[in-house]
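Trainee: I am new to this structure. Can you take me through the terms and show how each one is earned?

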Amino acid sequence: MSFKNAYLQRVYDGVVARNAGEPEFHQAVHEVLESLEPVCDADPRYEKMGVLERLCEPERVIYFRVPWVDDNGKVQVNRGFRVQFSSAIGPYKGGLRFHPSVNQSVIKFLGFEQIFKNSLTGLPIGAGKGGADFDPKGKSDGEVMRFCQSFMTELSKHIGENTDVPAGDIGVGSREIGFLYGQYKRLVNEFTGAITGKGLRYGGSLARTEATGYGLCYFTEEMLNANGKSFKGQRVIISGSGNVAIYAHIKATEFGAKVVAMSDSDGYIYDPNGIDIETVRELKEKNRKRISEYVKYHSGATYTPGCSGIWSIPCDIALPCATQNEIDEVSAALLAKNGCYCVSEGANMPSTPEAIKVYFANKMLYGPAKAANAGGVATSALEMSQNSLRYSWSFEKVDHKLQDIMKNIYNAAADAAALYGHEGNLMIGANIAGFKKVASAMLAYGVAY
Ligand code: NDP
């Protein structure tokens, strides 16, 4: 891996040396630094003021023990994290992930990405991310509640509506947010918007549940339209069947697309007639079952165990909405060979660097995660605004704001790409546009932080 700009090479080498054994974090930093070459070549202040060294070092990393008691009365111990990455332009903001694969590298890559994503939304939010290596799958509601209460007992010391505002992510949905917020409220004796994604009866925002999936489709439709295309009549593959995937399906279908495949962490379903989203919701949202059961209700559909095979199904548009590095070089090449011309990312960093090279080599349209999936955090920021106002906006009002935000993100990324000589490369454009706002705030502060 080599950079043309010596400053960027030094910063990257320093990140790798100081953060050994954190491959996901290295990957996320490498992608951003590579995009910033033209910006750093043009402005020596970034090097003089050590802006990139500072940006790549979290302001604070909190790492804690989470003890809880299972249904058999046995004590279990998990590991909790909160990485407060950057407060340059607002309170730390980013989700909590509960999944056995969570470790410091995963949380740091997600927190780092969040800096640029949150900046791109145009809203005043800094960047953070957290979670635990706890698996809610297969646990009773009582076990999940006791885990969430223990997790929040420590986390509550570090968050607050003006300090750090967590939300959901993989494994943290409405049930977990309810338990987490209930414990937070009890500990601090306040009713403030210190968590987003809350239920509608206790301070949540209309359209937050839908926001990441809807926002992904608003962004993608904008990108398609700018290239003389649209979702209408297109075959779409969506990986995952969680929050982002379900609402991406609904909005893509509203735009006239046919979603032919979806997955969970065990395997994928293919339904040439179009996946019936109500069956998926019944299985996954309501009953926490496996997606394999879909074929019991739809005779024309097939189920295949294993995740990566989903990318071998011919499609026009692929929306990865499950997890990081789910599309590798081989899967990307299969997508291209089978006629897919657009990949737009609902999940965070779902494409490996080699997969991204395949997209560009095949002139595919590519919507990078930090732009395409920013609708979730943007709507979380709108929830914060409503909590501060002690007021609730209508679904239509929030959805309208979300549509405007996603259009603006597309334009900001496209304009920055063109300005720095990379027209059409939204990955470079999103990284540059997100970076410039945060960097200008850091320069204004001097070396205050
Ligand atoms: P959920 O927990 O609601 O859903 C995750 C889905 O992905 C589940 O269907 C899960 O299957 C599936 N999955 C997990 N690992 C794999 C795998 N290796 N292969 C295939 N499927 C897999 O999470 P979200 O929908 O909230 O998050 C999905 C992605 O979107 C994540 O990358 C997240 O960081 C990102 N994101 C989420 C936002 C939000 O607002 N929720 C905002 C921005 C980004 P199973 O049911 O078997 O666990």
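Mentor: Start with the salt bridge: a side-chain nitrogen of Lys or Arg within 4 Å of a carboxyl oxygen of Asp or Glu. Keep in mind that this is a predicted model.

Trainee: How many salt bridges does that rule give?

Mentor: The count comes to 23 salt bridges.

Trainee: What makes K157 and E154 a salt bridge?

Mentor: The closest N and O atoms of K157 and E154 are 2.8 Å apart. The cut-off is 4 Å, so the pair qualifies.

Trainee: Why is K157 called exposed?

Mentor: Exposed means over 50% relative accessible area. K157 has 59%, so it counts as exposed. E154 has 21% and therefore counts as partly exposed. The class buried needs a value under 20%.

Trainee: What makes D264 and K284 a salt bridge?

Mentor: Their closest N and O atoms are 3.0 Å apart, and the limit is 4 Å. This pair links distant parts of the chain, 20 residues apart. D264 sits in the loop between strand 7 and strand 8, and K284 in helix 11.

Trainee: Are D264 and K284 buried or exposed?

Mentor: Both D264 and K284 are buried.

Trainee: Where do R281 and E285 lie?

Mentor: Both are in helix 11, 4 residues apart, about one turn of the helix. R281 forms a salt bridge with E285, with the closest N and O atoms 2.8 Å apart. E285 has 33% relative accessibility, so it counts as partly exposed.

Trainee: Which residues are joined into one network by salt bridges that share partners?

Mentor: D264, D266, K284 and R290.

Trainee: Now the strands. How do you know that strand 3 is largely enclosed by the rest of the structure?

Mentor: Strand 3 covers residues 92-98, and 7 of the 7 are buried, so the rest of the structure largely encloses it.

Trainee: What makes strand 3 and strand 5 a pair?

Mentor: A pair needs at least two bridges. Strand 3 and strand 5 have 4, in the parallel sense. One of the contacts is G94 with its bridge partner P166 in strand 5. Strand 4 also runs parallel to strand 3, joined by 3 bridges. There, R97 has G131 as its bridge partner.

Trainee: Which elements make the right-handed β-α-β unit?

Mentor: Strand 3, helix 6 and strand 4.

Trainee: In helix 13, how do you know that the buried residues S331, A332, L335 and A336 are on the same side?

Mentor: They cover an arc of only 140 degrees around the axis, which puts them on the same side of helix 13. The face turned away from that buried side carries the exposed residues V330 and K337.

Trainee: Which residues form a nonpolar patch on the surface?

Mentor: V69, V75 and V77, with about 250 Å² of accessible area together. V77 is in strand 2. V77 has 54% relative accessibility, so it counts as exposed.

Trainee: What is notable about the phi of A207?

Mentor: Most residues other than glycine have a negative phi. A207 is not a glycine, yet its phi is positive, about 75 degrees. A207 lies in the loop between helix 8 and helix 9. At 6% relative accessibility, A207 counts as buried. N325 also has a positive phi, near 55 degrees. N325 is in the loop between strand 10 and helix 13. Its relative accessible area is 28%, so N325 is partly exposed.

Note on methods
Residues are numbered from 1 along each chain as its sequence is written. This is a predicted model: local features need pLDDT of at least 70, side-chain atom pairs count only at pLDDT 80 or more; totals for chains, interfaces and linings use all residues. Side-chain values use heavy atoms; hydrogens and water are left out. Buried means under 20% relative accessible area, exposed over 50%, partly exposed in between (1.4 Å probe, protein chains only). Helices (H or I, at least four residues) and strands (E, at least two) are DSSP runs, numbered from the N terminus. A crossover is right-handed if, with the strands pointing away from the viewer, the path from the first strand over the helix to the second runs clockwise. Patches are made of residues with over 30% relative accessible area and no salt bridge: like charges are joined within 9 Å, nonpolar side chains (Val, Leu, Ile, Met, Phe, Trp, Tyr) within 5 Å. Accessible areas come from the Shrake-Rupley method with a 1.4 Å probe; for residues, only the protein chains shown count as cover. The arc is that of the directions from the helix axis to the C-beta atoms.
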